[in-house]
Amino acid sequence: VISPLWTELSVPRLRQDLHKIRLDGELVVWQPSGDLHRFDPIATAVVDLLDGERTVTEIATLLAQATGASPTEIEQDVLALLDELSQLSLLIRPGQAC
Amino acid sequence: VTAALAFSSGPFRAHGHVFAVASEDASFTAYVDDAFADLRTDRPAAATYEVHRMPDGQLRVLFGSGSVGTGGLLSDVMACLMWHVNQEATWTASRDQVVLHASCAALDGTGVILAGPMESGKTTTVAALLGAGYGYLTDEAVAIEPETLLLRAYPKPLSIDPGSQSLLAHLAPVHEERGLGQWLVAGSAVGPSGCIDAVPAGVAIMLRYTPGASTALEPLSRAQLLVELAGCTFHFSDEPRRNLDVTAAMLQGCDTYRLVTGNLDEAVELVTDAVHRRNLTVEASR
């Protein structure tokens with residue numbers, strides 16, 4: 001799945017107004033709209049790297065080094081997760097100020 | 001409404017709500033005395049519920065300048081009173097504590113939280129636990145104190161709906177009039193261990209009642225339970241960040257499960273095993 005919004009060169013970043021809680025490797029995220037989301041440990045590892053400084057390729061490379069999986073496959077998984085996070089309004093979209 | 005109110009009962013404390021009940025009907029205040037026995041306090045009442053008999057024979061509960069409810073049956077009027085007390089209790093406690101829509105009991109110093117939506121079996125399960133020797137904290141609203149993470153009791157009478165009464169037939173009120181509709185039974189009268197004011201949490205459970213299902217206690221991740229408990233937190237949106245942080249901190253000290261209840265005795269056995277496991281783990285880590 002190739003994301004129309006996110007590409008390998010995108011530099012994704014989580015919104016700043018989220019409240020994040022870690023429990024046993026999982027992440028619970030509350031957003032001011034009132035919605036709550038839980039991320040399993042794998043998704044949490046991705047979310048932790050969405051700092052607005054790393055590209056998708058760099059994120060995939062880091063995760064590949066940590067897991068031993070193929071960077072290409074991980075890149076596709078990261079892009080799919082970014083689409084999901086975008087739909088939940090958890091990311092600052094490319095070109096968005098904050 | 002002009003009749004003098006000759007009988008009174010209280011004061012009672014429901015979290016931060018301290019109240020008395022006055023009525024012209026001795027049978028009503030006698031019922032309040034029995035049902036609310038575990039809420040008695042030495043603090044002066046800040047407000048009084050007035051229960052008046054109307055010209056048409058109905059009983060009406062007044063609080064301040066408003067009507068809380070009207071009913072023909074004693075149990076209907078008590079249910080109105082109980083509903084209003086619950087609202088005030090959760091409202092006052094939510095100001096500085098996290099208040100979960102959950103029942104709570106304790107065994108060997110370990111608090112067991114039983115959370116869930118309406119009709120999930122909170123009261124029925126806690127009644128069965130009390131019968132098995134647990135101490136009572138609440139069947140409706142347990143407060144988590146942010147500084148200590150202790151669970152604070154609200155020992156209201158157990159509200160036993162008609163649908164659960166066959167399972168808890170031994171708790172049927174002796175007075176025939178009190179047995180119509182919902183039963184209100186003081187928690188201290190249900191089991192041998194009485195009430196407990198505060199206890200640390202050790203086991204947190206999300207309840208699901210499924211008629212005919214096999215009873216099972218399944219591990220649930222703390223993060224998943226946190227999300228589900230947010231939906232069971234009174235006035236959650238008033239202080240969402242605090243409510244999440246405090247609940248998460250409390251869950252760090254708990255074993256967490258989902259309980260699917262088909263058979264009540266089996267559920268009690270599974271919960272008690274979980275408490276014993278928890279206590280053994282805590283003991284071993286010391």
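**Entry 1. A salt bridge within chain A**

I looked up Asp51(A) and found its side chain in a salt bridge with that of Arg54(A), at 2.8 Å from N to O. I note early that this is a predicted model. For Asp51(A) I read a relative accessible area of 27%, which makes it partly exposed. Arg54(A) is partly exposed as well, and its relative accessible area is 27%.

**Entry 2. Salt bridges within chain B**

I went on to Arg40(B), whose side chain meets that of Asp33(B) in a salt bridge, with 2.8 Å from N to O. Arg40(B) has 44% relative accessibility and I list it as partly exposed. Asp33(B) is also partly exposed, with a relative accessible area of 27%. I then found Glu145(B), Arg152(B) and Asp197(B) joined into one network by salt bridges that share partners.

**Entry 3. The salt bridge between the chains**

Over all chains I have 13 salt bridges in the structure. Which elements hold Arg222(B) and Asp24(A)? Arg222(B) sits in helix H4 of chain B, and Asp24(A) is in the loop between strand S2 (19–23) and strand S3 (26–30) of chain A, so this pair joins two chains. The closest N and O atoms of the salt bridge between Arg222(B) and Asp24(A) are 2.9 Å apart. Between chain B and chain A I count one salt bridge.

Is Arg222(B) buried or exposed? I find 17% relative accessibility for Arg222(B); the cut-off for buried is under 20%, so Arg222(B) counts as buried.

**Entry 4. The rest of the interface**

How many residues of each chain are in contact? I have 14 residues of chain B in contact with 12 residues of chain A. The two chains bury about 1200 Å² between them, and 67% of that is on carbon and sulfur atoms. For polar contacts across the interface of chain B and chain A, I note five residue pairs, both residues at pLDDT 80 or more. On the side of chain B that touches chain A, helix H4 (222–230) and helix H5 (240–252) each supply at least two residues. I sorted the residues of that side of chain B into eight nonpolar, three polar and three charged.

**Entry 5. Helix H4 of chain B**

I returned to H4(B), the helix that holds Arg222(B). Eight of its nine residues are buried, so H4(B) is largely enclosed by the rest of the structure. The buried residues are Arg222(B), Ala223(B), Gln224(B), Leu225(B), Leu226(B), Glu228(B), Leu229(B) and Ala230(B). I note that the list includes Arg222(B) and Glu228(B).

**Entry 6. Chain B as a whole**

I count six helices and 15 strands in chain B. How does the radius of gyration of chain B agree with that of a compact globule? For 286 residues a compact globule would have a radius near 19 Å, and chain B has 19 Å, which agrees. Along the principal axes, I find that the C-alpha atoms of chain B fill a box of roughly 65 × 40 × 30 Å. Of the 286 residues in chain B, 56% are buried. I also looked at the contacts in chain B with a separation of 6 or more: residues 24 or more positions apart account for 69% of them.

**Entry 7. Backbone details in chain B**

I found a cis peptide bond between Gly10(B) and Pro11(B), with omega at about 0°. Pro11(B) belongs to strand S1 (residues 7–14) of chain B.

His15(B) lies in the loop between S1 and strand S2 (17–23) of chain B. I note a positive phi of about 50° for His15(B), although it is not a glycine. At 7% relative accessibility His15(B) counts as buried.

I made a similar check on Leu149(B), which has a positive phi of about 65° although it is not a glycine. I place Leu149(B) in the loop between strand S9 (141–144) and strand S10 (150–152) of chain B. Leu149(B) is partly exposed, at 25% relative accessibility.

**Entry 8. Arg95(B)**

Where is Arg95(B) found? I place Arg95(B) in the loop between helix H2 (74–94) and strand S6 (98–107) of chain B. Its relative accessible area is 57%, and I list Arg95(B) as exposed. From C-alpha to C-alpha, Arg95(B) and Gly16(B) are 9.6 Å apart in space, and in sequence they are 79 residues apart.

Methods:
Residues are numbered from 1 along each chain as its sequence is written. Chains are lettered from A and ligands numbered from 1 in the order in which they are written. This is a predicted model: local features need pLDDT of at least 70, side-chain atom pairs count only at pLDDT 80 or more; totals for chains, interfaces and linings use all residues. Side-chain values use heavy atoms; hydrogens and water are left out. Contact means heavy atoms within 4.5 Å. Buried area is the accessible area (1.4 Å probe) that two parts lose on being put together, summed over both. A salt bridge is a side-chain nitrogen of Lys or Arg within 4 Å of a carboxyl oxygen of Asp or Glu. A polar contact is a pair of N or O atoms within 3.5 Å; within protein, one must be able to donate a hydrogen and the other to accept it, and residues adjacent in sequence count only if both atoms are side-chain atoms. Helices (H or I, at least four residues) and strands (E, at least two) are DSSP runs, numbered from the N terminus. Ala, Val, Leu, Ile, Met, Phe, Trp, Tyr, Cys and Pro count as nonpolar, Asp, Glu, Lys and Arg as charged, and the others, Gly among them, as polar. Buried means under 20% relative accessible area, exposed over 50%, partly exposed in between (1.4 Å probe, protein chains only). The radius of gyration is taken over C-alpha atoms; the globule rule is 2.2 Å times the number of residues to the power 0.38.
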